[in-house]
Structures are given as structure tokens and as C-alpha cells.
Amino acid sequence: MPFQQYSNDLDKLLSNLENQKFKNFELILVSDSEIILQNQPTFKYKLLVCSELPSKKRNLAASICKGNYLSFIDDDAYPDDSWLLNASELINKKKYLCFGGPGLLPKGSNFFEKSVQCYFENKLFNSFSERYSIEKPMSVNEWPTMNFFIDKNIFLEIGKFNENFWPGEDSDLCIRLKLSNIDIYYDPNIIVFHRPRANLIKLSRQIFRYGLHRAYLIKKNINYTDLVFLMPIFNLTIALFLLYLSLTVNKLFILVYVFLALSVSLISFLKLYKKNKSYNIFNYISSILILIFVHFSYSLGMVKGFFTISKKSKKNR
């Protein structure tokens, strides 16, 4: 697991790994600098030092691990107690080569974190809601490294992570997997708990980078482009066009747009509330504002990515 420095999140991760029902695993931690763990784990682990991008850190860990399967998790996530047990059962029964599960919101999350997760879980707002909620098992095109399992031999054969790419190195890997006819699966029982960014500025920066690197991926793999990744730009363009019409032609356009938006929003909230009653109407209203910022940041990132040349990413988050 790659990380920059010691944190409470790392303590939480180590604590939950101690409680795993499946015990036959090793953890490889890759930090920017030498650290001393405050609570020494009882399970097998190694601590490496590498101050490069997370993609290179993961490759380094994968190159020395002894197991047949690799499991990746983020430094701000921690697993359910049955995470590895359920994964081992999938490997033995389903023979999956590559799979992942959702990153659910931890208990005790604050209002902003709930509002962001409310946006992520909303199927009408986010085309990848299964990444953040419990859904039926399914085949997927991509899966993020916050909760990702892959056969080690396949990982090495496919070329590992692009070490000059972050974020989006997981998307790049998944594109190569799909081009090699290797299926990727989602299973709701492979659970980790994962916090979103702490505030709107950090979230917008993260989403901007996603848009930037998605544009690089589209230019690199133009024949393997899912149009769903262009939806934020499409939605933002429609909204701006209707606003233009309302200001220059007739204000009726904006009234129609607002009416439709509110109607769809109400329906989507009722569906989301039926599924997850931990969100209230204020979380939902905030999630609509977050949607605007997310789509705007993502679209700006994509526009920049389409008109610039991909270069080695910076390490800061």
C-alpha cells in the first residue's frame, strides 16, 4: 500500500487488518520516508521507502510479494473484517482473475463527507455508483485501486501500472486488461470503508486531475473510449446553452430546465433515501451543489487534457 507519511488512517488500516478473518496474507507498505509503526502488526509485513508516484510504489510492492494474488487499497481506506476472506472465496469458487468491491462511507463521517458520498451513490448523478454502494454482482470495465484484486501473473504480463501516470493509473491498467479480453468483476461483499476528500477545494482538485488524465487516456486509446466519461462535459454544455437561451431569447427556457432538474432530483432523492436512510434532505441538496463543482472541475480538466501533452504527474494530492 502506498502512502506519504504516518497518519491515523494508517493506524485504522493496520487495526482492521489485524482483525481479518483470513490470516494468510502479507502487507507491503511503501512510504516516502522511513517511519516507525507505533503498534507493531502481528501479521507478516514489509516496509519499503520510495518517494515516487503511487503507481511506482505499487509496482515495487508487487515485484517482491510472494502471493499469487495482489490486493490494492488506498491509505485513506480500511477493510471490512471479511474483506480478504470473501476475496479468497471468490478466487476459489469463481476463479476471477480481477475484481473489486465498493468503498463505503465510514461511520461517524461528517456532513460534508455524507453529502459527497450522497452524490457518489446517486445513480442519476454518477454513472459509477456501484463503486460507492452495495449493488448486485456485475462485470465492469474499470475498477479503482482503493479496493482492487488481481492475479499476480496477469498483472505482470499486462505490464503493471504506468509509473508516470497518476491518478488514472488504475484506469490505464484496466483498459489494457479489457483489450486483452480479461474480465473485471464487481462483488458487493468485497468491502472497504473509504473517506472522500475533506473539503470542496480538495475534492475539486482531485476531480480536475481525474478529468485531465481521462483526456490523456482517451487520446491514447481512442478506439476504447466509453462515452459515459464525456457526460459531465455534455451536461455542463447543455446547462450553459439553456442559460444562454434564457438570457438572450426567453426566460422560459431556464424555467423549464429548473422544473425538469427539480423533478429529476426529487425522484432520485426518494430512490436514494429508500436505499440508504443515513442521508437527509440537506445532504441531498448539498450533493446537487457538489455535482455542479464536480462536473465543472472535471470538464476543465478534460479540456486541458485534450489540448496538452501528457507528462509525469506530480506527487502532491
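Here a colleague asks a modeller about a predicted model of a protein.

Colleague: Let's start with the big picture. How many helices and strands does the protein have?
Modeller: Bear in mind that we're looking at a predicted model. Its C-alpha atoms fill a box of roughly 65 × 45 × 40 Å along the principal axes. As for secondary structure, the count is 10 helices and 10 strands.

Colleague: Okay, and what is the radius of gyration of the protein?
Modeller: The globule rule gives 20 Å for 317 residues, and the protein comes out close to that, so it is as compact as a globular protein of that length. The value for the protein is 20 Å.

Colleague: What share of the residues count as buried?
Modeller: To count as buried, a residue needs a relative accessible area under 20%. The accessible surface of the protein comes to about 16600 Å², with 60% of that belonging to carbon and sulfur atoms. Of the 317 residues, the share that counts as buried is 50%.

Colleague: Of the contacts between residues at least 6 apart in sequence, what percentage join residues at least 24 apart?
Modeller: Here we leave out pairs that sit fewer than 6 residues apart in sequence. Among the contacts that remain, the part joining residues at least 24 apart is 76%.

Colleague: Let's zoom in on helix α6. Is it largely enclosed by the rest of the structure or largely open, and how many of its residues are buried?
Modeller: Helix α6 covers residues 169-179. Its buried residues include E169, D172, C174 and K178. The helix is largely enclosed by the rest of the structure because the buried residues number 9 of the 11.

Colleague: D172 is on that list. Which residue in helix α7 forms a salt bridge with it?
Modeller: D172 is buried, at a relative accessible area of 2%. Inside α6, its side chain meets R176 in a salt bridge of 2.9 Å, N to O, and the two are 4 residues apart, about one helical turn. D172 also forms a salt bridge in which the closest N and O atoms are 3.0 Å apart, and the partner there is K220. That pair links distant parts of the chain, 48 residues apart, from D172 in α6 to α7, the helix that holds K220.

Colleague: Which residues are linked with E169 in a network of salt bridges?
Modeller: A search of the whole structure finds 9 salt bridges. E169 is one of the buried residues of α6. The residues networked with E169 are R58 and D74.

Colleague: What about E113 and R195: how many residues apart in sequence are the parts they tie together?
Modeller: Their side chains meet in a salt bridge of 2.9 Å, N to O. E113 lies in helix α4 and R195 in the loop between β10 and α7, so the pair ties together parts at a sequence separation of 82 residues. E113 is buried at 8% relative accessible area, whereas R195 is partly exposed at 27%.

Colleague: Now the sheet with β10 in it. Which strands are its edges?
Modeller: This open sheet has 3 strands in the order β4-β10-β6, with mixed pairing. β6 and β10 pair in the parallel sense over 2 bridges, and G103 has V192 in β10 as its bridge partner. The edge strands each pair on one side only, and they are β4 (77-79) and β6 (103-104).

Colleague: Any odd backbone spots? Which residues does the cis peptide bond join?
Modeller: One end of the bond, P167, is found in the loop between α5 and α6. Omega is about -5 degrees, and the residues joined are W166 and P167.

Colleague: Is N181 buried or exposed?
Modeller: N181 follows α6, in the loop between α6 and β9. Although N181 is not a glycine, its phi is positive, about 60 degrees. With a relative accessible area of 70%, over the 50% cut-off, N181 is exposed.

Colleague: Last one: which residues make the nonpolar surface patch of about 520 Å²?
Modeller: One of them, V256, is found in helix α9, residues 252-275. V256 counts as partly exposed, at 40% relative accessibility. The full set is L252, L255, V256, F259 and L260.

How values were computed
Residues are numbered from 1 along each chain as its sequence is written. This is a predicted model: local features need pLDDT of at least 70, side-chain atom pairs count only at pLDDT 80 or more; totals for chains, interfaces and linings use all residues. Side-chain values use heavy atoms; hydrogens and water are left out. Patches are made of residues with over 30% relative accessible area and no salt bridge: like charges are joined within 9 Å, nonpolar side chains (Val, Leu, Ile, Met, Phe, Trp, Tyr) within 5 Å. Accessible areas come from the Shrake-Rupley method with a 1.4 Å probe; for residues, only the protein chains shown count as cover. Buried means under 20% relative accessible area, exposed over 50%, partly exposed in between (1.4 Å probe, protein chains only). Two strands pair if DSSP finds at least two bridges between them. The radius of gyration is taken over C-alpha atoms; the globule rule is 2.2 Å times the number of residues to the power 0.38. Contact means heavy atoms within 4.5 Å.
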